[in-house]
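Got a model on the screen and a few things to ask of it? Let's go through it in questions and answers.

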Amino acid sequence: MKRHTFFAACLGLATLAAGGIAHADQLDDIKARGELVCGTLGTSQPFSFQDAATRQLVGYDVDVCKLVADKLGVKVNYKLLSVAARVPELNEGRVDILAANLGYSPDRAQQIAFSHSYYVSPQKLMVRKDSGLDSIEALNGRRIGATKGSSSEREIKRILDKSQVIGYGDSSATYLALQQKKVDAQFASELVLVRLVLQSPPTAPVSVIAKSVFDEPWGLGVRKSEPGMLTVVNQALDEAESSGVAAQLFDKWFGAQTPYKLERGFKIGPIAG
């Protein structure tokens, strides 16, 4: 009986060892593959978009994801996702990481793990200049447009609880609804709205209400089952902050030499949850 028990125990250990080899963690998988699959939007200038001259995918999120790939010593492959598909694509293993305008919320943090905050986004409201609406309070009870499935859509429903919030496929579709007077305001990140103001024709001017509804930290998304991956991602971000690379990337895409002319009012660090 003792010999039988001993052999059974050995067999069990062997099985566990084999299972450990068969089910290598995500970092091992990525390094063996030689490629990090990064989920991004591809339609959100200047975060991730197609350069008109080179036809290459470029942007702040694109560069930040490459920082992680460089840390791992692998190439990066970008997979374009819709806003609504971001979390499912990550959790179903079709991408390794998300760099996709991913705002932190406690609810979303139950589904995925967030890296340190690599961007902080003031969330604001934009209105037609002829609307007479000039404050957050004036818009409570009005029709508000936001990108469907985004944290902006969820949070504005909570904050302006008397308003009817209507979700659209992306920020361009929401902007069109604003111009067509289907909604009274568009709610999105400051960057998205500034870009739309720059593109707005003189015959249909829009303006952004100066006061932010709230400031939203953005993180890279990692599966909750991969703490080792999250550690490496945070190391890559922290190194970029301490070396000055993170500030350089911000200036490259948002700073004084860009149409946005924004100042960096944050540093990379843990998100307070």
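What follows is a set of questions and answers on the whole chain, one strand, one buried serine and some backbone oddities.

Before we start: this is a predicted model, where local features need pLDDT of at least 70, side-chain atom pairs count only at pLDDT 80 or more, and totals for chains, interfaces and linings use all residues. Residues are numbered from 1 along each chain as its sequence is written, and side-chain values use heavy atoms, with hydrogens and water left out.

Q: How many helices and strands does the chain have?
A: Helices (H or I, at least four residues) and strands (E, at least two) are DSSP runs, numbered from the N terminus. On that basis, the chain comes to 10 helices and 11 strands.

Q: What share of the chain's residues is buried?
A: Call a residue buried under 20% relative accessible area, exposed over 50% and partly exposed in between (1.4 Å probe, protein chains only). The chain has 273 residues. Of these, the buried ones make up 48%.

Q: Among contacts between residues at least 6 apart in sequence, what percentage joins residues at least 24 apart?
A: A contact here means heavy atoms within 4.5 Å. Counting the pairs at least 6 apart in sequence, the part that joins residues at least 24 apart is 70%.

Q: Which residues of S1 are buried on the side of Leu36?
A: Strand S1 covers residues 35–40, and 6 of its 6 residues are buried. In a regular strand, side chains alternate between the two faces of the sheet. One side of S1 has Glu35, Val37 and Gly39, all buried. The other side, also buried, has Leu36, Cys38 and Thr40.

Q: Which residue is the bridge partner of Cys38 in S4?
A: Two strands pair if DSSP finds at least two bridges between them. S1 pairs with S4 (residues 75–80) in the parallel sense, over 6 bridges. Within S4, the partner of Cys38 is Tyr78.

Q: And which residue stands opposite Cys38 in S5?
A: S5 (residues 97–98) runs parallel to S1, and 2 bridges join them. Opposite Cys38 in S5 stands Ile97.

Q: Why does Ser115 count as buried?
A: Ser115 lies in strand S6 (residues 113–128). The residues that Ser115 touches, leaving out those up to four places away in sequence, include Leu230, Val233, Leu237 and Ile271. Ser115 counts as buried because its relative accessibility is 2%.

Q: Which residue's backbone nitrogen does the side chain of Ser115 reach?
A: This is a polar contact, a pair of N or O atoms within 3.5 Å; within protein, one must be able to donate a hydrogen and the other to accept it, and residues adjacent in sequence count only if both atoms are side-chain atoms. The Ser115 side chain gets there at 2.8 Å, and the nitrogen belongs to Leu220.

Q: Which residue does a cis peptide bond join to Gln45?
A: Most peptide bonds are trans. The cis one here has an omega of about 5°. The partner of Gln45 sits in the loop between S1 and strand S2 (49–50), and that partner is Pro46.

Q: Is Arg55 buried or exposed?
A: Arg55 is found in the loop between S2 and strand S3 (57–58), with a positive phi near 65°. Its relative accessible area is 52%, so Arg55 is exposed.

Q: Is Asn101 buried or exposed?
A: Asn101 lies in the loop between S5 and helix H5 (106–109) and has a positive phi of about 50° although it is not a glycine. Its relative accessibility is 13%, so Asn101 counts as buried.
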